[in-house]
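Here is a friendly walk through one model, meant to be read with the coordinates open beside you. Have a look at the fold before reading on.

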Amino acid sequence: MPRVIPAEALSFVRGALDEAGAVGISVIRVDPTPQGPRVQFEVLPLRRRRGDTRRLPDRGVIAELVSRMVALRWKDSPEPRGIPEHHQMDLAIDHPRVIGDFTETGPGWHWLLSAAASWIEETGVPAGFRSVQVKEKFGTLRWYVCSSEDEDRLQAGRIISAAEWVSGAVCETCGAPGKTRTGGWIRTMCDAHAKRPG
Ligand SMILES: [Zn+2]
């Protein structure tokens, strides 16, 4: 199993939560599974200073989603797998109840969206669930859904929110660790694609 996997997984978590938000999260081990190498994180409760009212996502959900995404990215491969050529169509075909229609996102978020959609299917797609739009805005993922249940209180809502946070750490072009860069364009890219877009 490639030795870079735990470091890469941790860099996605740190990129999603920033350094302070990722305090107390570490990699325990990596388990080979049929779904790919699964990074097991330890997520300690975050001690927050009194008066700290920053809105933070569920760190356990972020870590689990990153683990699932990294597993897909490295499945059966000594290096990160290539993104399927028809990634938008593949997502719609593989996850009709969750994604349904073509996404408007770049290829680099393919494993992120695949991991999130599969996890939502495992936990149970909420009644009347439908993705209205899956797109990029200001460099990160916006995933709009509707549901006849209150999705914010459901696991599906937590997974979608985590996917939006994690997108800020994933190059939208290639799926490598990246960061959201401001400038003429606000885009989340790895170092290589920041120099040479596309
Ligand atoms: Zn890239």
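## Helix packing, core and backbone

Helix 2 and helix 4 lie oblique to each other, because their angle falls in none of the other classes (under 35 degrees roughly parallel, over 145 roughly antiparallel, 65 to 115 roughly perpendicular, the rest oblique). This is a predicted model, in which local features need pLDDT of at least 70, side-chain atom pairs count only at pLDDT 80 or more, and totals for chains, interfaces and linings use all residues. Residues are numbered from 1 along each chain as its sequence is written.

Helix 2 covers residues 59-74 and helix 4 residues 110-123; they pack at about 120°, with axes 8 Å apart. Helices here are DSSP runs of H or I with at least four residues, strands are runs of E with at least two, and both are numbered from the N terminus. Axes are lines fitted to C-alpha atoms, for helices over the stretch in contact, and angles run from 0 to 180 degrees between N-to-C directions.

Which residues meet? From helix 2 come L65, R68, M69, L72 and R73, and from helix 4 come W111, L112, S114, A115, A116 and W119. By class, this contact of helix 2 with helix 4 has eight nonpolar, one polar and two charged residues. Two residues count as in contact if their C-beta atoms, placed from the backbone, lie within 7 Å.

Now to the largest nonpolar core, a set of buried Ala, Val, Leu, Ile, Met, Phe, Trp, Tyr and Cys residues joined through C-beta atoms within 7 Å. Of its 47 residues, V13, I62, L65, A116, A163 and V166 touch the most other members. Helix 2 gives the largest share of this core, nine residues. Leaving aside neighbours within four places in sequence, A163 is in contact with L65, L112, L113, A116, L141 and W143.

R38 belongs to strand 2. Its C-alpha atom is separated by 6.7 Å from that of R68, 30 residues apart along the chain. Beyond four places in sequence, R38 is in contact with V30, D31, T33, S67 and A71.

Two aspartates have a positive phi: D18, in helix 1, near 65°, and D76, in the loop between helix 2 and helix 3, about 50°. The table gives burial by other C-beta atoms within 10 Å (buried at 20 or more, exposed at 12 or fewer, partly exposed in between).

| Residue | C-beta neighbours within 10 Å | Class |
|---|---|---|
| R38 | 19 C-beta atoms | partly exposed |
| D18 | 13 C-beta atoms | partly exposed |
| D76 | 8 C-beta atoms | exposed |

Notes:
Nonpolar A, V, L, I, M, F, W, Y, C, P; charged D, E, K, R; others polar.
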